[in-house]
2 protein chains.
Amino acid sequence: MRTGIATVCLSGTLKEKMQACAIAGFDGIEIFEQDLVTSPLSPESVRTMAADLGLGLDLYQPFRDFDGVTPDLLKANLRRAEAKFKLMSRLGMDTILVCSNVATATIDDDAVRAEQLAQLANLAGDHGIKVAYEALAWGKYVNDYEHAYRLVEMVDHPNLGTCLDSFHILSRDWDTAPIEGINPEKIFFVQVADAPKLSMDVLSWSRHYRVFPGEGQFELAKFMGHVVRAGYTGPVSLEVFNDVFRQSDVERTAVDAMRSLIWLEEQSAKWLADNAGNGADGAAAGGAGLRRRYPMELATLPKVNEPAGFNFAEVKADNTAQLEKLLGQLGFGFEGRHRTKDVQLWTMGQARVIINEQAASHAEPSIAALGFDVDSPVIASARAQQLKAPVVARKVQADEEVFQGISAPDSTEIFLCQGSPDGTAAWTHEFGEGLEHARSAQNAVIDHVNLAQPWQHFDEAVLFYTSALALEPQPFAEVPSPSGLVRSQVMETADGAVRLVLNLAPVQQANGPKTYQEHIAFAVDDLVATARAARDRGLDFLQIPANYYEDLDARFDLAPDFLATLRELNLLYDRDGDGEFLHFYTATVGSVFFEMVERRGGYSGYGAPNAPVRHAVQYDSLHR
Amino acid sequence: MRTGIATVCLSGTLKEKMQACAIAGFDGIEIFEQDLVTSPLSPESVRTMAADLGLGLDLYQPFRDFDGVTPDLLKANLRRAEAKFKLMSRLGMDTILVCSNVATATIDDDAVRAEQLAQLANLAGDHGIKVAYEALAWGKYVNDYEHAYRLVEMVDHPNLGTCLDSFHILSRDWDTAPIEGINPEKIFFVQVADAPKLSMDVLSWSRHYRVFPGEGQFELAKFMGHVVRAGYTGPVSLEVFNDVFRQSDVERTAVDAMRSLIWLEEQSAKWLADNAGNGADGAAAGGAGLRRRYPMELATLPKVNEPAGFNFAEVKADNTAQLEKLLGQLGFGFEGRHRTKDVQLWTMGQARVIINEQAASHAEPSIAALGFDVDSPVIASARAQQLKAPVVARKVQADEEVFQGISAPDSTEIFLCQGSPDGTAAWTHEFGEGLEHARSAQNAVIDHVNLAQPWQHFDEAVLFYTSALALEPQPFAEVPSPSGLVRSQVMETADGAVRLVLNLAPVQQANGPKTYQEHIAFAVDDLVATARAARDRGLDFLQIPANYYEDLDARFDLAPDFLATLRELNLLYDRDGDGEFLHFYTATVGSVFFEMVERRGGYSGYGAPNAPVRHAVQYDSLHR
């Protein structure tokens, strides 16, 4: 698959964008006109630079408001087009995107449109240019890709074809199956964008909220499957207008973009294999013959299943005393120090926490790393690296387990560990033995981990965990906090063994205290007993306001004894049709706190109605 | 008018919110339930604190999903309601907001709803509580305020009335005139919110994008006029869900909120005066009798007309050499130093620029102040102060003009100056005479000023200039820049004599260069001559890329000589149906640059199509 990206997806100057695209490994780019117009680079310099960087200049765009106009306007439009065709010759480009008319069309007649497009195609032919005509979702008269293609067929000129853009098609819920009926020689270009499903006018949705494939909710693999079955072999190019990407580091965004296409390529191949036999090209299709049967080659990736569970969580600090105290009070047992590294192992049942003492001077406690149980760490690491995840190296000595590590977008280190059927981890033998072991809560596990994401990298993180770790994004929620709404995105495995919550914190106030908190939650069988024991050990619980318990009672009509227990132990409670949820939080040290939870019945949530209470109390304790 | 605000409008804890509301001068507040539930304050403490702060506790809200439910659910809902009624007694509150059912209603029958609301009213009566029933814009069955009122009439119980919320009414485009027909004793509460007109689902619109009156596009004065004519005398309370306000400084937001109600009060009185005679209460109405004729008292403000023009602009720096050089090269004449202050006066025609040398050590050049010509500085200042604008004091000595100064939300100092029919300013005599005076460009004026606004204070700035200076907000635009989209809001007078552009810059990158630039634009009669003279004086023009002129030619088909002149002098060009616009920019010093413009014919814009070029070149020069 030939990969491409429009310069409008990225921040910076044209030169910075081109360099970032080359570093990320794109085959070609679309030049968004404004990026050229505002650039000090001459067209000839852009051409040379692209050649030096190994980037094809695949599409010049956009040319707007051409068709369905009065004769006077047509004349001006053809003049304007010719100027751009000449410019494209200097750039060495041969394909231009012409969007269906939004603003100046006054004649709603396919015959007139076809006649005008034929004049444009003739002119383009004189300059060796191909015109890719695209139906915008909000085009005045032409807003459906099948309509655009009908016009291309009417004109029947070698220099006129169509451009398929997934956003314009999927935002309108057009059926994508008819793509397979389009003559592949007439598909001059394919643009892909994903988007969250929003209920707003399609123009604003398109201009601000597009995201890279895998970061939204469109069925892009299916769209691409139809494109591949149509016989298309040209570039598959990202055109993503996004307010955040426009403000983010250009090189990182380009890498994120590339990751999305690599993932889309794999997902498209998978869709084709899963849907062999039900398409235009008959019943003989099968996964094995895929590469030979379609003109477009689809690269694949090392395959991974979703992780079986958390292997460990790692917290880091310059002074680890507070972390040790908290874990001890929660009932974790100290399993000893690593034989070669300055790290400690603390466990409760299968919940393993590493306390890393190798932090920078004065570094406050924070979550540094997460380990996941996978079938094969090497295969999973290979996949992640092909998906452009930066590798994290760990020093190892002889006989020590080699951890395959990659860096998540928020810089958390992700380690891919060898899972075991009984949930144990072989590497724990590298830690000292003969120390006190906790006997309580043998069934304890890491229930979920909540990571705060910087606003620039939230969508990137969703794609990272989807593509590299096979976690499934759930619908996102918004949680009120005293310093703003917190966007909360759950990523989890189908069986709930791994649950990761990505929180987009409100923008930090310049002079305010740090509100950027993360936590690790552990599940136990008996939360009340765990809480009592922790209290007896002197744990500093997050103090829940009395008002909360009154409201709880008003909502759930709880037994007085039970309510009293909740209140006494600062426990929070939630209930839904599937079951019940009890939990409590510790005070925060640095940017970390811990949570203990008990799930009763089939409850699969996170106590979302209680999150505002947690935020408010934490805010209050920071501001007091 | 009794003023109020819902705690959900503000950031922080309940205590912080209440304190900020008291400082801002509100009469009462609505307690948003979540703010109480998450607070460590007992209901009794909240009651005492409110009394100490002089704040009424006017509304407890919201109580959701009560009506149109099955008998089982009704029973649970009544139990839940009773718990809240008891809580309200402890708070000393007597009115609760009940929203029309969104989630749990299954019975769409007014008789059933009325019967269930009657049971609620009876229970409320037992506890001395009044229930204000409100139609949510997205209520499952009840989403129209007239429908909600019909139910209130059907029940006909002293403890059941309705709540009118401008958002729920205006977002659905419901006619507001029938409000006048509602029995005022049955209007238990009125909530006001403004909003920009957005095309999106009404729930998201309501939850994220509400703004304070005067910051959006709703016809709130008319809404309030109908409420006043209905005979309502209760609180008029802000209920504004806004993502930015939730993150902003609580005290500033409360003051901004109060300003919006003061302004709305004046605008409502004005609407009533302007529309006397066409309403429900007959033809005898008149502005003079207003206060006596309606039960609600509406306070007025000192009246001002829109400013006649800019009086001066002031730039400030520790080292002012670069500013002096730039102004000199542009053709400004140095008019001397002030006789008592370390400031210089530079003029070109009626365009006056003060260079202030009294900046902090190492302070880079920036725009510090703007002077506006008003009919009466004292009246305008009184109005601004009643609208909570902070006063700026200037030291004056005998015989010097006293400037009335207020501080804008971005800290720019705004001076209200005595205008003169010929556009001169008396205070210029305080500056030294006998120095070189510019003879060129005698008709030069300040054309517009472009100020960058911090994201927390953008909406506040719109209301500030609307209410204190009588500028009119125009529809906002979005301009692409290499570091993100720039939201641009023009505020101007009807005659265009004062044009202020508020730009919301993209969030600053932690490690990026400062992109926060502001500028002052001067209009001259002959831009080409001005540019040539400036070039001869060695001005450092913002260098416009050659690609721009090619695109300009493709778009406008310009005469070759004219195009060559534009290119030679780094001039930008725009044209619309009304006229033409020529302009150029200087290089930036500190955070300031200057622009020179020439308006031909009736062109009233700002060369918006050229703004991306300006942003890109400025970005490029910062990043090189």
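In which strand of chain A is the place of A:His448? A:His448 sits in strand E17 (residues 445–453) of chain A, where strands (E, at least two residues) and helices (H or I, at least four) are DSSP runs numbered from the N terminus. The legends below describe a predicted model, in which local features need pLDDT of at least 70 and side-chain atom pairs count only at pLDDT 80 or more, while totals for chains, interfaces and linings use all residues. Residues are numbered from 1 along each chain as its sequence is written, chains are lettered from A and ligands numbered from 1 in the order in which they are written, and side-chain values use heavy atoms, with hydrogens and water left out.

**View 1. The annotated site at A:His448, A:His519 and A:Glu595.** The feature "binding site" at these residues comes from an unreviewed UniProt entry; UniProt positions are given in the numbering used here, feature names are shortened, and annotations may be inferred rather than shown by experiment. The three residues span 148 residues in sequence, but no two of their C-alpha atoms are more than 9.2 Å apart, so they gather at one spot. A:His448 counts as buried, at 2% relative accessibility (buried is under 20% relative accessible area, exposed over 50%, partly exposed in between; 1.4 Å probe, protein chains only). Not counting residues up to four places away in sequence, A:His448 touches ten residues named here in full: A:Phe310, A:Arg499, A:Val501, A:His519, A:Ile520, A:Ala521, A:Glu595, A:Val597, A:Arg599 and A:Tyr606; contact means heavy atoms within 4.5 Å. The side chains of A:His448 and A:Asp447 are joined by a polar contact of 2.6 Å (a pair of N or O atoms within 3.5 Å; within protein, one must be able to donate a hydrogen and the other to accept it, and residues adjacent in sequence count only if both atoms are side-chain atoms).

**View 2. A:His519 in strand E22 (residues 518–523) of chain A.** A:His519 is buried, with a relative accessible area of 2%. Beyond its neighbours within four places in sequence, A:His519 has contacts that include A:His448, A:Glu595, A:Tyr585, A:Phe593, A:Phe594 and A:Arg614.

**View 3. The annotated site at A:Glu134, A:Asp165, A:Gln191 and A:Glu239.** This "binding site" feature is likewise taken from UniProt, from an unreviewed entry. The residues are spread over 106 residues of sequence but cluster in space, with a largest C-alpha distance of 13.1 Å. A:Glu134 belongs to strand E5 (residues 130–134) of chain A and is buried at 2% relative accessibility. Leaving aside neighbours within four places in sequence, the contacts of A:Glu134 include A:Cys99, A:Ser100, A:Asp165, A:His168 and A:Gln191. A:Asp165 lies in strand E6 (residues 160–165) of chain A and is buried, with a relative accessible area of 1%. Apart from residues up to four places away in sequence, A:Asp165 touches A:Glu134, A:Gln191, A:Arg210, A:Phe223 and A:Glu239.

**View 4. A:Ile187 in strand E7 (residues 187–192) of chain A.** A:Ile187 is buried, at a relative accessible area of 4%. A:Gly161 is 26 residues from A:Ile187 in sequence, and their C-alpha atoms are 5.7 Å apart in space. With neighbours within four places in sequence left aside, A:Ile187 is in contact with A:Thr162, A:Leu164, A:Ile182, A:Ala230 and A:Tyr232.

**View 5. B:Ala124 in helix H5 (residues 110–126) of chain B.** B:Ala124 is buried, with 0% relative accessible area. Leaving out neighbours within four places in sequence, B:Ala124 contacts B:Phe85, B:Ile129, B:Val131 and B:Asn159. B:Ser166 is 42 residues from B:Ala124 along the chain, and 26 Å separates their C-alpha atoms.

**View 6. The interface of chain A and chain B, where 54 residues of chain A contact 54 residues of chain B.** The two chains bury about 4,300 Å² between them, 50% of it on carbon and sulfur atoms; buried area is the accessible area (1.4 Å probe) that two parts lose on being put together, summed over both. In chain A, the residues that lose the most area to chain B are A:Arg79, A:Gln247 and A:Asn547, together 13% of what that side buries.

**View 7. Polar links across the interface of chain A and chain B, including eight salt bridges.** A salt bridge is a side-chain nitrogen of Lys or Arg within 4 Å of a carboxyl oxygen of Asp or Glu. One joins the side chains of B:Lys84 and A:Asp551 (2.6 Å, N to O). Across this interface, 26 residue pairs are in polar contact, both residues at pLDDT 80 or more. Elements that give two or more residues to the chain A side include helix H4 (71–91), helix H16 (546–556) and helix H18 (611–623). H18(A) gives the most, with seven residues. The chain A side divides into 23 nonpolar, 16 polar and 15 charged residues; Ala, Val, Leu, Ile, Met, Phe, Trp, Tyr, Cys and Pro count as nonpolar, Asp, Glu, Lys and Arg as charged, and the others, Gly among them, as polar.
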